[in-house]
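Please open the model in your viewer and keep the sequence panel beside it, since the tour moves from the whole chain to a single side chain.

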Amino acid sequence: MWPFKKKAKNDTPPFTGKYAVGDDVGIITRDLFSIPGRVIKAYYDEKGIARYDVSVGGECPYVKEKLTEEDLKPLC
């Protein structure tokens, strides 16, 4: 009997969301304006909903986390 076990594979499905990492997007605010930003992380949460982390700003940047596709719009 071999004393070592094989490591279990964590097969995560490929991300097939509306936006990809590096896309320029606008974050929709309450008054329907959009704040420009760039997607830095795209992933699925534990419920299977597509979530995005977006970097916003220039001189003093910040990151908006856990945004859904309804919170974002594409910048042309």
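Begin by colouring the protein chain by burial: in this predicted model, buried residues make up 21% of the 76 residues. Switching on the surface shows an accessible area of about 6500 Å², of which 55% belongs to carbon and sulfur atoms.

Next, change to a cartoon and follow the protein chain from the N terminus, where the elements run β-β-β-β-β, that is, five strands and zero helices. The radius of gyration is 17 Å, well over the 11 Å that the globule rule gives for 76 residues, so the protein chain is more spread out than a compact globule. If you display the C-alpha trace alone, its span along the principal axes is about 65 × 25 × 20 Å.

Now select the charged side chains, of which 13 are positive and 12 negative, with the centres of the two sets lying 9 Å apart.

Then select Tyr19, Val25, Ile27, Val39, Ala50, Tyr52, Val54, Val56, Leu67 and Leu72, the ten residues that form the largest nonpolar core. Both β1 (24–28) and β3 (50–56) supply at least two residues of this core, and the largest share, four residues, comes from β3.

Finally, centre the view on Val39, a member of that core. Which residues does Val39 contact, leaving aside its neighbours within four places in sequence? They are Tyr19, Ala20, Val21, Gly22, Asp23 and Val25, together with Tyr52, Asp53 and Val54. For the chain as a whole, residues 24 or more positions apart account for 33% of the contacts with a separation of 6 or more.

Technical notes
Residues numbered from 1 in each chain as written. Predicted model: local features only at pLDDT ≥ 70, side-chain atom pairs only at ≥ 80, totals over all residues. Heavy atoms only, no water. Rg over C-alpha atoms; globule rule 2.2 N^0.38 Å. Buried < 20%, exposed > 50% of the residue type's maximum accessible area, 1.4 Å probe, protein only. Contact = heavy atoms within 4.5 Å. Areas by Shrake-Rupley, 256 points an atom, 1.4 Å probe, with all protein chains shown as cover. Lys, Arg positive; Asp, Glu negative; His and termini not counted. Charge placed at Lys NZ, Arg CZ, Asp CG, Glu CD. Core = buried A, V, L, I, M, F, W, Y, C linked by side-chain atoms within 4.5 Å.
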